[in-house]
Amino acid sequence: LPEVAVVPVVARRDTGLAVAAREATADVLALLQAWVADRRTPATRLVLLTGGAVATHGEDVPGLGIAPVWGLVRSARIEHPDHAITLCDSDGSAASRAELHAAVLDPPELALRDGRRLVPRLARPSPAPPASRSLDPEGTVLVTGGTGTVGALVARHLVRRHGARHLLLVSRGGPAADGAAELARELESDGATATVAACDVADRGALAALLASVPAAHPLTAVVHAAGALDDGVLAAMDAERIAAVFAAKVDAAVHLHELTAEHDLAAFVLFSSVAGALGSPGQSNYAAANAFLDALAHHRMRRGLAASAIAWGYWEARTGLTRHLADADTGRMRSRGIGALSSDDGLALFDAALTRPEPALVAARFDAVAAERAT
């Protein structure tokens, strides 16, 4: 094998965005599984070359269909540290093509823009004037995953802190979900009208019908997409079906919401992402991929003048449907990587802070810099 192997990643044509994202992720998964299983490959650097899959300095993401690959590879790299796997996103310019082979020998992730090497870094946001719009109390706020632990916390917060008076709380179980009736009564006692609906938001037709049911007197004015699903497994055990299971609640639903609300005048379009997409997470390559897509979608929406805020959460102290299964050893591994738990109060404060920021994608997590440095 050569010292460096560059493999272009492309989305399949003539298919919808959600399908393209899922299939591109499955294609790269198959490549990575074969790569790490080959005895020869630790001596070769594998470069996954994407085009327009990540945003730098406020760019659009024309390669939205291959954006999930970045989350997938970040997780694979953690699971297989003996393999050199680089992510490189190029603008395709002549200067970037000339720089490619020299550039990929050093950082594990980079973007090439007109021959310049750009490397991703986490940094605290600089001070900026508030960029959010206040919620219209006469409008309807849609919350997917609205009967879950975090969804319910956000629903209460929207009423008590942001003055929302009309909520549409959506989950697969709807009114039959645990605590749904009690949550609706609680919100109504706070002066809000809460409609709890059963809907699979990955089903475009069902979601379109739900949106059509929003009364004209209280039009849809904000969306919070907090729904999610897990199907954890190491890279060798991952497959296209497990990718699809996680993408349905995250990616498919986000694409449907993005497309079906394009003509609505939304004050907020909030995507609940995860730090797994930004940093990778061992045993969660499918989940990391789905969340990397949400981050990219927020950049895409922002460039088109649409409301967008992707919040890449660390894990919440309150156990949710996605974290209830975690054992002490699991949370210990996260702490060893420098990621601590967020209290509900801290999480909601970060939610408010994200809504005021001009950046379309933010990481909201508690970091221990010393532990993180030790992990790397």
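Leu122 sits in the loop between strand 5 (116-118) and strand 6. In this predicted model, Leu122 joins Leu279, Val363 and Phe367 in a nonpolar surface patch. Together the four residues have about 310 Å² of accessible area.

**The sheet**
- Seven strands make an open sheet with parallel pairing.
- Their order is 8-7-6-9-10-11-13.
- Strand 8 (193-198) and strand 13 (361-364) are the edge strands, and each pairs on one side only.
- On average, neighbouring strands of this sheet are turned by 20° against each other, direction ignored.

**Strands 9 and 10**
- Strand 9 (residues 220-225) pairs with strand 10 (residues 268-274) in the parallel sense, over four bridges.
- Val224 stands opposite Val270 in strand 10.

**Helices across the sheet**
- Helix 4 (residues 149-160) lies across strand 6 (140-144), strand 7 (166-171), strand 9 and strand 10.
- Helix 4 runs at about 175° to strand 7.
- Helix 9 (residues 285-303) lies across strand 10, strand 11 (309-313) and strand 13.
- The angle of helix 9 to strand 10 is about 155°.

**Pro175**
- Pro175 belongs to the loop between strand 7 and helix 5 (180-189).
- Pro175 counts as exposed because its relative accessible area is 53%, and the cut-off for exposed is over 50%.
- Leaving aside neighbours within four places in sequence, Pro175 is in contact with Ala180, Val196, Ala197 and Ala198.
- Pro175 and Val196 are 21 residues apart in sequence, but their C-alpha atoms are 5.6 Å apart in space.

Conventions:
Residues numbered from 1 in each chain as written. Predicted model: local features only at pLDDT ≥ 70, side-chain atom pairs only at ≥ 80, totals over all residues. Heavy atoms only, no water. Pairing = 2+ DSSP bridges. Helix = DSSP H or I, 4+ residues; strand = E, 2+ residues; numbered from the N terminus. Axes fitted to C-alpha atoms, helices over the stretch in contact; angles between N-to-C directions. Contact = heavy atoms within 4.5 Å. Patch = residues over 30% accessible without salt bridge, like charges linked within 9 Å, V, L, I, M, F, W, Y side chains within 5 Å. Areas by Shrake-Rupley, 256 points an atom, 1.4 Å probe, with all protein chains shown as cover. Salt bridge = Lys/Arg side-chain N within 4 Å of Asp/Glu carboxyl O. Buried < 20%, exposed > 50% of the residue type's maximum accessible area, 1.4 Å probe, protein only.
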